[in-house]
Amino acid sequence: MHDQSCMPVSADAAAAVVAEAGEAVRRAAGREERRLRRAARGARARRRRQSGAERREEQRRDRQRSEEERLRAAAEKAREALLAQVSALREASGGSILDCFAAVFDPRGRRGRRYSLPCVLALTVTAMLHGKTKLADITAWITHAGQDTLAALGARAGADGTRAAPCGRTVTRLLALVCPRALSRAVAAWLAAAERGGPVTFPLAAPALLPHAACDGKEVRGAVRPDGTCLFLLSAATAGTGRPVVLADREIEAKTNEIPELGPLLLELSERFPLAGHVISADALHTQRALATLITEKLQAHYLFTVKRNQPGLHAALAALCWAGARRCVTSGEGRGRRERRTHLIMDAPGEIRELFPHVRQVAKVIRTRTVTTWKNNGKKRTRVTRTGTETVYLVTSLSAREAAPEHIAAYARGHWSIENQVHLVRDVTLREDASKVHAGNRARNLATLRNAEMGLIPGLGTKSLLLFRGLVRGVAGRGSGACRIRRRGWWRRCRCGRAGG
């Protein structure tokens with residue numbers, strides 16, 4: 001048999017082989033061409049993505065730069081407005097804050113004194129305005145204060161003209177040495193001078209809102225005195241108009257309470273801030289006959305007191321009155337999941353009430369109906385829960401019907417809470433007074449006075465919000481762009497990460 005491999009190949013078979021080989025070459029060339037096209041498309045897509053990312057990054061940097069420029073411009077504008085407000089406040093109060101602290105006695109010896117007491121106290125208040133609440137943060141800020149700040153607040157200059165900042169030990173030592181009562185009087189007198197208080201002209205032609213001063217006490221929980229008791233302060237602040245300003249405060253000793261201290265506080269305040277014609281409100285603890293007599297006879301002012309069961313005879317007599325024909329004023333408010341309706345029933349004080357309490361002219365019954373809406377979650381579904389509660393309180397006042405209408409009585413009763421939610425709450429939450437553990441010497445008492453000065457400066461600087469003012473101060477300092485800012489309920493708050501927020 002012959003080997004078939006050696007058989008001659010026909011021309012058609014050879015052409016078929018050549019065609020098949022050419023087809024294979026063409027397919028391989030097509031695959032390579034498609035691979036090259038895919039590679040080119042991938043390279044173009046990568047270049048487009050890279051150029052898009054670079055373009056977006058450049059746009060982001062442009063937006064960041066424009067935002068920083070906008071913040072700087074707004075901060076500079078706010079700074080100019082603040083400086084104008086400072087000048088106006090200085091003219092209104094009769095001096096700057098340095099002049100206020102200049103009236104405080106310096107307990108140090110004259111020899112070796114490098115920094116004046118007004119300079120150190122003003123630097124402390126400035127550090128507080130920049131958001132420093134702890135004493136360690138305050139001293140650190142003062143140590144690294146800028147030359148412009150040191151020059152403005154009267155720091156001494158060296159031979160080369162450079163201003164030197166006081167060290168932390170100097171600041172803490174001075175805060176412990178300064179007499180708290182002298183510092184409190186100086187700050188209160190300076191803030192009261194800016195309020196332009198004065199006696200009210202009598203008699204009144206018609207019912208009208210009179211200047212209002214609210215009195216209440218506050219415990220500084222973190223400041224423990226040597227005997228183990230907490231520092232307790234009794235304050236009197238403006239109420240009803242704008243942001244309250246603390247006009248006077250007084251430390252309550254450990255072996256007494258607020259009752260015997262409020263009268264001397266008001267007498268001392270009246271010497272520099274005439275209280276004649278003012279309405280002085282206090283809580284039920286101060287519903288005392290002696291205080292009512294002092295306010296009406298010595299101070300020539302009016303009182304508005306809450307009556308609770310610490311005055312059982314007066315409370316029972318007010319509860320037994322017939323309120324059916326009383327004048328009525330209804331107010332309401334809503335916010336944070338809570339609705340409140342306040343019904344005020346006002347009538348002239350009958351004879352039996354006048355015999356029980358001196359100089360009372362009108363009595364009021366306030367019915368507060370509060371509806372609170374919350375959401376209860378049991379892990380599967382959320383249920384809306386609504387609770388409604390009613391509270392009834394009684395008021396006595398020396399204001400007659402010719403001097404105060406029902407809506408005015410309601411405004412005084414509502415305005416008394418400003419010392420709680422705009423003074424004490426701000427000191428507790430924003431200024432973190434209760435969290436402070438400073439207690440040695442007079443530091444806790446003096447820092448509380450400087451916090452009053454800080455809060456009193458805010459209305460004169462063109463804003464009512466302490467948080468907003470701190471945001472503007474940080475913006476002036478150039479820290480607004482890299483800050484961690486969180487917007488909540490219409491204002492900027494500080495983030496938990498610890499970085500400075502607006």
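How do strand β6 and strand β7 pair, and over how many bridges? I opened the predicted model with that in mind. I found β6 at residues 327-335 and β7 at residues 338-348, pairing in the antiparallel sense over 9 bridges. For a landmark I picked R327, whose bridge partner in β7 is I346.

**Entry: the turn and the next strand**

I followed the hairpin of β6 and β7 round its end, where 2 residues sit between the strands and R336 takes a positive phi near 55°. I then moved on to β8 (residues 362-377), which pairs with β7 in the antiparallel sense over 11 bridges. There I saw R341 standing opposite T369 of β8.

I also noted a salt bridge between the side chains of E340 and R370, at 3.6 Å from N to O. This pair links distant parts of the chain, with E340 in β7 and R370 in β8, 30 residues apart. E340 counts as buried because its relative accessibility is 7%, while R370, at 34%, counts as partly exposed.

**Entry: positive phi in loops**

I remind myself that most residues other than glycine have a negative phi. Q300 goes the other way, with phi near 55°; I located Q300 in the loop between α9 (289-298) and β5 (302-307). Q300 is partly exposed, at 47% relative accessibility.

H359 also has a positive phi, about 60°, although it is not a glycine. I placed H359 in the loop between α11 (351-356) and β8, and at 29% relative accessibility it counts as partly exposed.

**Entry: salt bridges within helices**

My list of salt bridges came to 30. I looked up two that sit inside helices.

In helix α1, R61 pairs with E58, the closest N and O atoms being 2.7 Å apart. They are separated by about one helical turn because they lie 3 residues apart in that helix. R61 is partly exposed at 34%, and E58 is partly exposed at 33%.

In helix α8 (residues 259-272), E268 and R272 are 4 residues apart, about one turn. Their salt bridge has its closest N and O atoms 3.9 Å apart. Is E268 buried or exposed? I read a relative accessible area of 17%, so E268 is buried, whereas R272 is partly exposed at 28%.

**Entry: a positive patch**

Last, I marked a positive surface patch whose members include R31, R34, R38 and R47. R47 lies in helix α1 (residues 11-93) and counts as exposed because its relative accessibility is 51%, with the cut-off for exposed being over 50%.

Notes:
Residues numbered from 1 in each chain as written. Predicted model: local features only at pLDDT ≥ 70, side-chain atom pairs only at ≥ 80, totals over all residues. Heavy atoms only, no water. Patch = residues over 30% accessible without salt bridge, like charges linked within 9 Å, V, L, I, M, F, W, Y side chains within 5 Å. Areas by Shrake-Rupley, 256 points an atom, 1.4 Å probe, with all protein chains shown as cover. Salt bridge = Lys/Arg side-chain N within 4 Å of Asp/Glu carboxyl O. Lys, Arg positive; Asp, Glu negative; His and termini not counted. Charge placed at Lys NZ, Arg CZ, Asp CG, Glu CD. Buried < 20%, exposed > 50% of the residue type's maximum accessible area, 1.4 Å probe, protein only. Pairing = 2+ DSSP bridges.
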